[in-house]
Amino acid sequence: MFLYLSKLLPLFFYPLGLACISLVVALFTLWKRPRIAALAISWALILLLLCSNAWVSKYLVRSLEWQNIPPAQLPTAEAIVVLGGATKSAFPPRPTVDLSEQGDRVIYAAQLYRQKKAPIIVLSGGRIDWRGSGSSESADMADILTSIGIPSEVLIQEPDSLNTYENAVNVKKILESRGIRQILLVTSALHMPRSLKIFQRQGINAIPAPTDFLVSQGELQELSSTPKAAILNLLPDTYNLHQFTSALKEYIGSFVYWVRGWV
């Protein structure tokens, strides 16, 4: 039940969901209460304009992504742990497993292994039933890694986790069974602050190894590189709205996990 609620309830806090609710209110009050309808429409418009401009979205994303900027040289560890959410299953017409936008996690794990940062890779992620059946995310990641030359014998799959908390709990069991004390934790930079706190709460000595950065120094500089750029970046854009929503999701997730005592 918590899994369903965790996916459903935040929709009422995201900009697009709130804007839709406001427009529904406006629709039902337009004739009898036009002032309320006007306020609801104004709120929806302000919300979408504010949350879909580059200035707001990129700085909100940066507030999360830049919390765990890795050093130039990551230390070695006993295992690399990769969190799911990086793949799309091989359903027709897709010929094989595809990497999603977060697929940098899988590629970065392979790079760290080839740099001899750790001798094994733990792949953590199940498959939420309403998002399609098929292989677990851990199995999909294993397929990608073996296809690019990572030996299958160094891959350990954890196929049961359906959220980040379960990632940490289930990975802890694997680490304890193998006497592993220190890991490199690989996930998207946006997801790292919450993930790191959850793993540390489980008593896991996790070194953050973030990847998939959405905001770079260059992109922030571009916001105000010229007066025209500064103005154009105020205009609404669906990608900016997506980034804002992703960052807001992490803040809401951190709050919910804090309430439950998971971070």
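## Aromatic rings: exercises with solutions

The structure, a predicted model, contains three aromatic pairs.

**Exercise 1.** Determine how the rings of Tyr 165 and Trp 262 are arranged in their aromatic pair.

*Solution.* The ring centres lie 3.9 Å apart, and the planes make an angle of 10 degrees. Planes under 30 degrees apart count as stacked, and the pair of Tyr 165 and Trp 262 is accordingly stacked. The next step is to place the two residues along the chain. Tyr 165 belongs to helix α7 (residues 164-178), whereas Trp 262 lies in the segment after α11 (238-259). With these positions 97 residues apart, the pair links distant parts of the chain.

**Exercise 2.** State whether Tyr 165 and Trp 262 are buried or partly exposed.

*Solution.* Buried means under 20% relative accessible area. Trp 262 has a relative accessibility of 11%, so Trp 262 counts as buried. Tyr 165, at 22%, is partly exposed.

**Exercise 3.** Classify the pair of Phe 255 and Trp 258, and describe the positions of both residues in their helix.

*Solution.* The centre-to-centre distance is 6.1 Å and the angle between the planes is 35 degrees; the pair is tilted. Both residues are in helix α11, and because they are three residues apart, about one helical turn separates them. Phe 255 and Trp 258 are both exposed.

**Exercise 4.** Identify the residues that ring pairs link into a cluster, and find the arginine that lies over the face of Tyr 257.

*Solution.* The cluster consists of Tyr 165, Tyr 257 and Trp 262. Arg 194 lies over the face of Tyr 257, 5.0 Å from the ring centre. Elsewhere, the charged end of Arg 62 sits over the ring of Trp 66, at 5.1 Å from its centre.

Definitions and conventions
Residues are numbered from 1 along each chain as its sequence is written. This is a predicted model: local features need pLDDT of at least 70, side-chain atom pairs count only at pLDDT 80 or more; totals for chains, interfaces and linings use all residues. Side-chain values use heavy atoms; hydrogens and water are left out. Rings of Phe, Tyr and Trp (its six-membered ring) pair if their centres lie within 6.5 Å; planes under 30 degrees apart count as stacked, over 60 as edge-to-face and the rest as tilted. Helices (H or I, at least four residues) and strands (E, at least two) are DSSP runs, numbered from the N terminus. Buried means under 20% relative accessible area, exposed over 50%, partly exposed in between (1.4 Å probe, protein chains only). A charge sits over a ring if NZ of Lys or CZ of Arg is within 6 Å of the ring centre and within 35 degrees of the ring normal.
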